[in-house]
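Here is a short briefing on one helix and one histidine. Please keep the sequence and the structure in view while reading.

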Amino acid sequence: MGVSGAISADQDPLALRLPVIGLVAPSGSGKTTLLRAVVCDLHARGLRVGYLKHAHHSFDLDLPGKDSFEIRAAGAAQTLLASRERWALQVENHTKGVDPDLEEMLARFEHDSLDLVIVEGFKHAPYPKIEVFRAALGQAPLYVEDPHIIAVATDDPLPRAPHPQRLPLARPSAVADFVLTRSGLGG
């Protein structure tokens with residue numbers, strides 16, 4: 001499978017085995033709320049979903065004072081936290097101040113354990129994206145400038161034509177249907 005049902009591997013720099021689709025929008029648009037509902041819907045349908053979020057700030061999975069935090073702070077290049085419930089690998093980015101590369105991050109997933117990956121953010125990367133648009137935010141839509149936006153989830157009229165397919169923001173199951181169809185995973 002390619003990254004999306006309509007984009008062939010030779011056209012797409014993210015030509016991975018897993019379908020990849022993202023959600024992009026300004027902060028405060030309800031992107032994460034929609035994502036949570038879509039992932040829940042896809043999981044209920046039996047799909048194994050990977051999630052990749054682009055964070056615009058530093059973050060830690062650990063707290064100061066914990067052994068693993070202190071060892072990482074002392075210079076460990078990789079720190080793996082493991083328990084009976086889950087494990088997490090933290091890798092220090094050796095090029096500080098540079099955004100992570102989408103392809104490189106997607107390659108780190110265990111592809112055999114997933115059916116698709118949903119990305120939150122990486123809005124400047126060339127991959128299939130759904131924009132979450134809310135007119136009340138007063139910001140211009142992203143689809144006008146980004147040919148990789150394949151749909152817009154909104155309950156508002158879209159201000160610029162032509163526009164990609166419009167999806168009902170209030171119906172996460174319709175967005176999940178679109179993701180499945182676009183990814184080649186559903187009818």
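**Histidine 111 and helix α1**

Histidine 111 counts as buried, because its relative accessibility is 15% and the cut-off for buried is under 20%. This is a predicted model. The points below cover the setting of histidine 111 and then helix α1.

**Histidine 111**
- Histidine 111 sits in the loop between α3 (102-106) and β5.
- The side chain of histidine 111 reaches the backbone oxygen of leucine 106, at 3.0 Å.
- Glycine 50 lies 61 residues from histidine 111 in sequence. In space, the C-alpha atoms of glycine 50 and histidine 111 are 9.0 Å apart.

**Length of helix α1**
- Helix α1 has 14 residues, 31-44.
- At 1.5 Å a residue, α1 should span 20 Å. The end C-alpha atoms of α1 are 20 Å apart, so the two values agree.

**The two sides of α1**
- Which residues of α1 are buried? They are Lys31, Leu34, Leu35, Val38, Asp41 and Leu42.
- These buried residues cover an arc of only 130 degrees around the axis, so they lie on the same side of α1.
- Exposed residues on the other side of α1 are Thr33, Arg36, Cys40, His43 and Ala44.

**What covers α1, and what follows**
- The cover over the buried residues of α1 includes the strands β1 (20-24), β2 (49-53), β5 (116-120), β6 (129-132) and β7 (149-154). Helix α4 (172-183) is also part of that cover.
- Glycine 46, just after α1, takes a positive phi of about 95 degrees.

Terms used. Residues are numbered from 1 along each chain as its sequence is written. This is a predicted model: local features need pLDDT of at least 70, side-chain atom pairs count only at pLDDT 80 or more; totals for chains, interfaces and linings use all residues. Side-chain values use heavy atoms; hydrogens and water are left out. Helices (H or I, at least four residues) and strands (E, at least two) are DSSP runs, numbered from the N terminus. The expected span of a helix is 1.5 Å times one less than its number of residues. Buried means under 20% relative accessible area, exposed over 50%, partly exposed in between (1.4 Å probe, protein chains only). The arc is that of the directions from the helix axis to the C-beta atoms. Contact means heavy atoms within 4.5 Å. A polar contact is a pair of N or O atoms within 3.5 Å; within protein, one must be able to donate a hydrogen and the other to accept it, and residues adjacent in sequence count only if both atoms are side-chain atoms.
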